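Q: I would like to learn how to read a structural model feature by feature, with the general idea given before each case. Could we work through one together?

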Amino acid sequence: MIKILAYVIIILIGFCISPFIIGNTGYIYIAAGEYQIETSLVFGLLGLVLFYCALQLTEWLIIFLLNIVINSRYLPERWRKEAAKKHTLQGALALAEEDWPSAEKAMAKGAAKGELPALNLFAAARAAHHQKNTDSRDKYLAEAAKDPLAKTAVKTSKTRYLIQQGKLTEARAELDALNPTSKSKSPVLKLALDLYQLQDDWQALKILLPAIKKRQIISEKQYEEVEHTTNTALLTAASQHGEQELEKCWHWLSKTERNQPHLISIYARGLCQYDRKKDAIKIINKSLKTDLHPALLADIPKIIDADDEDIRKLLARFEQSHEHDVDYQICLAKLAQQKRDIKVVKNHWHSVCQISPKREYFLALAQAQEQLGENAAALQSYRKAANCSD
């Protein structure tokens, strides 16, 4: 741009001074060896400008030819890159259509000269996995692992594929290499959640539960179900491995968890196994003051006997408020059975049948009626049991 401006200025100056030059032309004398040139000043200046223009054109021509020569050396490489882009696009479209063979073939070709070969290899591995071609899948993942940034993604993908194949032992080896902790990425935590549940490794899962909840890996409802299953499995297993393990697991639970009735029920049953019935009754008694949970009501008849009056007195306080509670009435019926008070047993089973008419409840009522000699009523209860669909 500056050169063009300079040329314009020179031309304008030439136009301005040309009348004076024409009036006093002067001359130029050049001698080189035997050659002598004499010309006017105007023609000499014009020749100089033309020479400069020819020199500039020669420079542009040389640069243009050099660019052609240099670029021609890289034409095959450029063609390969363009082909890789084309194959990648074809592979992406095949993946969207779930055309796995075409997707694998196209993505594998696009990985050779693609801009991001690891992405092509991951896509090819996915397509191979859907075709159950594990050898090709693992080969693609091994190639992708050569990129240092892709190593974690490779292990994550391979773990997921092995879980889907049902190869839990191999998947666990890959997952352990990722070392899932509270600082791990969400996909790793999700894999750990799935694999630990499949392997019933509740202790490992218990450690990760706070991080899973914090990261919102699963919904709140799903988390509550997983937490319930984990704590139940841990406490049940601990109760079978000894009193010390039971106490250790119980105190590993949080304060909130130790107030959950279903866990209290498991803990109380475990205490009874190790001749600590008084402690079991004490903790159940404390929980009943807060809520009559079905899990506790179901286990009370298994824990106490006919001589335990404290819990019976506590349950009697809820007779009016829980008159229509099936679990409460069943519990009282079984407790009355312990004392051989068949009339009370019959009354409670009668209440249960009115609240929830089921076959097993009518059968229990019929047995109580038979023991009381009420054969006609018992026969009627048996008929109702036979007609029940539940």
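**Reading the model**

A: Let us begin with one residue: Lys 346 is found in helix α19, which spans residues 342-355, where helices (H or I, at least four residues) and strands (E, at least two) are DSSP runs numbered from the N terminus. This is a predicted model, in which local features need pLDDT of at least 70 and side-chain atom pairs count only at pLDDT 80 or more, while totals for chains, interfaces and linings use all residues. Residues are numbered from 1 along each chain as its sequence is written, and side-chain values use heavy atoms, with hydrogens and water left out.

Q: Is Lys 346 buried or exposed, and which residues is it in contact with?

A: Buried means under 20% relative accessible area, exposed over 50%, and partly exposed in between (1.4 Å probe, protein chains only). Lys 346 counts as buried because its relative accessibility is 18%. Contact means heavy atoms within 4.5 Å, and Lys 346, leaving aside its neighbours within four places in sequence, is in contact with Leu 365, Ala 368, Gln 369, Leu 372 and Glu 374.

Q: How should I read the crossing of α10 and α11?

A: Axes are lines fitted to C-alpha atoms, for helices over the stretch in contact, and angles run from 0 to 180 degrees between N-to-C directions. The axes of α10 (residues 202-215) and α11 (residues 220-240) come within 10 Å and cross at roughly 150 degrees. That angle makes α10 roughly antiparallel to α11, since angles under 35 degrees count as roughly parallel, over 145 as roughly antiparallel, 65 to 115 as roughly perpendicular and the rest as oblique.

Q: Which residues have the most contacts inside the largest nonpolar core?

A: In soluble globular proteins, nonpolar side chains tend to be buried together. A nonpolar core is a set of buried Ala, Val, Leu, Ile, Met, Phe, Trp, Tyr and Cys residues joined through side-chain atoms within 4.5 Å. The largest one here has 55 residues, and those with the most contacts inside it are Ile 284, Leu 288, Ile 300 and Leu 315. Not counting residues up to four places away in sequence, Leu 315 touches Leu 288, Leu 292, Leu 297, Ile 300, Tyr 328, Cys 331, Leu 332 and Leu 335. A second, separate core of 20 residues includes Ala 94, Phe 122, Ala 123 and Tyr 161.

Q: How many helices and strands are there in the protein?

A: The protein has 21 helices and two strands, and buried residues make up 35% of its 390 residues.
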